[in-house]
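Biologist: Got a minute to go through this one with me? I'd like to hear about the fold, the inside and any odd backbone spots.

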Amino acid sequence: MKIIGIDLGTSNTYLYAASYPGKSERGMLAMEQPGPIVIQGMSDDSGSIATVVLYENDRPMLAGNIAENEFYANIQAQHLRRLASQFKPEISQGSPDSMRAMTDFLALLRAALPEGFLESDSGIYVGIPSLAREDFSINMAQCFISSGWPRPKFVRESDAALISCLQSGTLDIDDVERKCVIVDFGGGTCDYTTVESMYVLQNGGDMLYGGRLFDDLFFQVFMRHDKDFAALVPTSPYEWYVHWIECKTQKEQFSNHLGSLAPDEAPDEKGMSLHAVWYADSGQRHDSFVEAYTRDDFVRDAENYAASTQMLRILKDYVHKGGLSRHAEDLLEGRQVGLISWLGAVLDNIGNRRDVARVVLTGGSSRWPFASEIVRRLFPQASIAHSRRSYEDIAYGLALFPVLASSRERVNALLNDKIAAFAQKAVNTAKKLMQKQAGEIVSLCSQRIATRDIMPALEAAQTQGMTVEQLEQTFSKNISQDQELVKIAEDKSRALQQDIQQELNFAFRAWLRQNGVLLAPNFTFPAQAIGQEFFDNVSIKISRLDSLQLMKFTLTTILPLVAATTTATTIAHTGEPVSSIVGGSMAFGATWLLAKTAPKLLEKRKLPAFLLNESNRKKIVDKNRAYIEKSLNAAMADAQERMEIEIERRLRNALSSMLGRLTVLNQVKTH
C-alpha cells in the first residue's frame with residue numbers, strides 16, 4: 001500500500017510518499033521512511049513544484065516549474081497563453097476560477113506521476129489550513145475526484161507539521177505534554193495551533209497573511225525605483241513572472257541577508273542590491289536594480305504596505321465575505337497595513353501565552369528574522385525552534401499519518417512482550433559506562449593525590465625534619481583542602497550521567513524503530529530513572545579520602561620496607577646526627593621494622609632525611625598511589641553494586657512510562 005502526502009502550498013506544492021508493503025507476521029503494518037516525489041520538469045531536485053497552471057487557448061497545457069519556464073521562454077505564444085496561480089487559498093471561497101485551476105493542476109500532476117505509481121489502494125492525505133471552513137475540504141475533495149485522484153483524507157496542516165517535528169526531533173515528547181505552539185507561516189496563510197498532550201487547545205491564524213504579500217512588496221519596491229519598470233512591466237506579458245517569480249527570488253535572498261545580520265549589529269548601512277530581469281513586449285531584456293536596500297528600508301516599506309492592483313485582483317473573492325481580521329479588511333480596502341506588526345497581531349490572539357513552553361516555527365516564510373523576534377517578545381519564557389523541514393514539514397507529516405495507528409499497536413506489543421529484554425540491555429549499557437567512568441575517576445584522583453598531596457609533603461618532611469605524626473597531619477591537610485578532587489568526581493559524575501542518558505535515549509529510539517515504531521519522538525530518560533545514589537557515593541568517597549589512613553599504611557607497610565633496604569653506606573654519608581641513626585644500619589632497620597607491629601612507638605620519631613631521598617620518595621608515592629587506587633576501586637565497586645540493584649527496576653518503570661506517553665498521538669485525527 002502506498003501513502004501519498006500532498007501539501008498544496010500557495011506558491012509551491014510538495015508530495016511525499018511512503019510504501020507500506022503489507023502486514024508483518026504480527027499483523028501490523030510494515031513501514032518505511034517517507035521520501036519526496038521528484039517529477040522531471042514539473043519539480044526541482046528537492047521535489048518542490050510551483051503551484052501554477054499554464055493555459056493555451058484556455059486549455060490546460062502544463063503545470064509546475066516547466067509551466068513557468070515555458071510561459072517565460074516562448075514570447076511568440078504569449079498572446080495565446082495565461083498562467084494561473086495563487087488559487088489554493090481561494091478554494092475555501094468556492095471561486096469557479098480557483099476550483100478550475102486546482103482541478104487542472106491536480107489532473108496534470110496526476111498524469112505526470114510515473115506509470116503504476118498510484119496504486120488502486122493508495123491513500124491520499126492532504127493538508128488543510130487550521131482556520132479553513134468545512135467548505136474548503138468539500139471543495140478540495142471535489143477537485144481531487146474530478147481530476148482522477150482517489151478521494152483524499154484531510155489533516156490539519158499544523159497537525160501534519162507536528163508529526164514531522166516529532167519525527168525529526170525538533171519537538172520531543174516532553175514538549176507536546178506541555179503547552180506548545182506550532183506556527184505555520186506559509187506563502188498564502190499563517191496558521192497556529194496550540195496543543196497540550198496533543199489535545200488541541202486553540203486554532204487560529206489569518207487566511208490572507210502570507211509570503212505572497214512580501215512578494216508583492218518587493219514588486220512595488222522595483223516599481224518605485226525604476227521608471228521604465230513601472231511604466232512597462234504591468235502591461236508586459238511577463239508581468240506575472242516578474243511579479244511572482246523574480247520578486248519572490250529577491251525577497252528570499254533579502255530574507256537570507258537579514259538572517260545573516262546579528263540582532264544587535266550596527267545599522268545595515270550597506271544593505272543588499274536587488275536585481276530583477278524583465279522583458280518588454282518586443283522581447284528586449286531589461287535589468288532593474290535597487291542599490292543598497294537596507295533593513296531599515298524593508299521595515300519602513302513593510303510597515304507601510306498597500307496591496308498592488310494585481311494583488312487585490314487575486315484577493316477579490318474575499319471582499320465582503322466576513323470573518324476577516326482588521327488587517328485583512330484594511331488590505332482589501334486598499335489601505336496601508338503593517339506586514340510585520342500583522343504577524344504580531346495574529347499571534348497576540350493566542351491565549352495564556354505565559355504558559356507556552358515551546359514554539360516551533362515552520363513554513364517557507366518562517367525564516368524571516370522578524371518572525372523569531374516577534375515570537376520571543378510574545379513568548380519570553382518559551383524555547384523557540386525552527387523546524388528542520390520548513391518547506392516539506394506538512395507533506396512529510398501527511399505521509400507519516402497512517403503509521404500512527406500501527407505505532408500504537410506496536411507500542412502495546414512492546415509493553416507486553418519485549419520491555420524486559422530491553423531493560424536488561426539498558427542496565428548492561430549503564431554498567432559498562434559506569435565501569436569506564438569509575439576507572440577514569442580513580443586514575444585521575446590517585447594521580448592527583450600522589451603528585452599534588454603526597455609528594456610535596458614528603459619533600460617538606462625531608463627538608464624540615466618532620467616527625468611521623470607531622471607528616472600524617474600534612475597528608476590529611478593537603479587532601480582535605482584539595483577541592484579539585486571533589487570537582488573531578490562531580491565533573492566525571494555529571495559526564496557519566498549525561499553519557500548514560502544519551503546512550504539510553506539513542507538505544508530506546510533505535511529499539512522502537514527496529515520494532516516497527518516509525519514515529520518515535522525524542523525521549524529523555526529522566527535522571528531519577530538512572531539513580532543519583534551512585535554519583536552521590538562517588539563524591540562522598542572522594543571527599544573522605546583523608547579517612548584512607550594513608551600515614552598508617554605508609555608507616556606500617558612502606559617505611560619498614562624502605563628502611564630495610566637502606567644501606568649502611570647511605571646512612572654513613574648523610575651527615576645526620578647519630579641520634580637519628582643509632583646503632584648503624586642494622587639497628588636503624590630494626591627500629592623502623594617496629595612500625596609493622598607497634599606504629600604508635602614511632603609516631604613522635606623524626607624521619608631521617610636520607611629515608612626521604614628522591615629515590616625513596618618515588619617508592620613511597622608509587623606504593624601509596626597503588627594503595628589509593630585499590631581502595632577507591634573497592635569504594636566504586638560498592639557504589640556500583642548498590643546502584644545496579646535499583647537501576648533495572650527504575651529503568652523498567654521509566655520505559656513503561658515513556659512508551660505509555662506515546663498514546664498522546666491518539667489525538668491526531670483526519671477530517
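Modeller: Here is a quick tour, and bear in mind that this is a predicted model.

Biologist: Sure. How many helices and strands are there in the protein chain?

Modeller: The protein chain has 24 helices and 16 strands.

Biologist: And what percentage of the residues is buried?

Modeller: Of the 671 residues in the chain, 55% are buried. On the outside, the chain exposes about 28900 Å², and 48% of that comes from carbon and sulfur atoms.

Biologist: What about contacts along the sequence, how much is between residues 24 or more positions apart?

Modeller: Taking contacts with a separation of 6 or more, 73% are between residues at least 24 positions apart.

Biologist: OK, on to the packing. Which residues have the most contacts inside the largest nonpolar core?

Modeller: Those are Tyr209, Phe298, Leu339, Trp342, Leu347 and Phe370, in a core of 71 residues. Helix 8 gives the largest share of this core, with 8 residues. There's also another core apart from it, with 35 residues, including Ala17 and Phe136.

Biologist: Pick Tyr209. What is it in contact with, leaving aside its neighbours within four places in sequence?

Modeller: Tyr209 touches Phe185, Gly188, Thr189, Cys190, Phe214, Leu339, Trp342, Leu343 and Phe370. Of those, Leu339, Trp342 and Phe370 are also on the list of residues with the most contacts inside the core.

Biologist: Any holes? How many cavities of 30 Å³ or more does the structure hold?

Modeller: There are 3, and the largest cavity has about 70 Å³ of space.

Biologist: Which element gives the largest share of that cavity's lining?

Modeller: Helix 8 again, residues 239-259, which supplies 4 lining residues. Trp240, Trp244, Ile245 and Lys248 are on the lining list, along with others including Thr10, Glu68 and Asp215.

Biologist: And how does the lining of the largest cavity split by class?

Modeller: It has 4 nonpolar, 5 polar and 3 charged residues.

Biologist: Switching to the backbone. Where is Asn57, and what is its phi?

Modeller: Asn57 is in the loop between strand 5 (52-56) and strand 6 (59-63), and its phi is near 55 degrees, a positive value in a residue other than glycine. Most residues other than glycine have a negative phi.

Biologist: What about phi of Asp58?

Modeller: Asp58 is positive too, near 65 degrees, and it is in the loop between strand 5 and strand 6.

Biologist: Why do Asn57 and Asp58 count as partly exposed?

Modeller: Because relative accessibility is 43% for Asn57 and 42% for Asp58, and partly exposed runs between 20% and 50%.

How values were computed. Residues are numbered from 1 along each chain as its sequence is written. This is a predicted model: local features need pLDDT of at least 70, side-chain atom pairs count only at pLDDT 80 or more; totals for chains, interfaces and linings use all residues. Side-chain values use heavy atoms; hydrogens and water are left out. Helices (H or I, at least four residues) and strands (E, at least two) are DSSP runs, numbered from the N terminus. Buried means under 20% relative accessible area, exposed over 50%, partly exposed in between (1.4 Å probe, protein chains only). Contact means heavy atoms within 4.5 Å. Accessible areas come from the Shrake-Rupley method with a 1.4 Å probe; for residues, only the protein chains shown count as cover. On a 1 Å grid over the protein atoms alone, a cavity is a set of points where a 1.4 Å probe fits but cannot get out, and a pocket is an open set with protein on both sides within 12 Å along at least five of seven lines; lining residues have an atom within 4 Å of a point. Grid points are joined across faces, edges and corners, and a volume is the space filled by probe spheres set on the points. Ala, Val, Leu, Ile, Met, Phe, Trp, Tyr, Cys and Pro count as nonpolar, Asp, Glu, Lys and Arg as charged, and the others, Gly among them, as polar. A nonpolar core is a set of buried Ala, Val, Leu, Ile, Met, Phe, Trp, Tyr and Cys residues joined through side-chain atoms within 4.5 Å.
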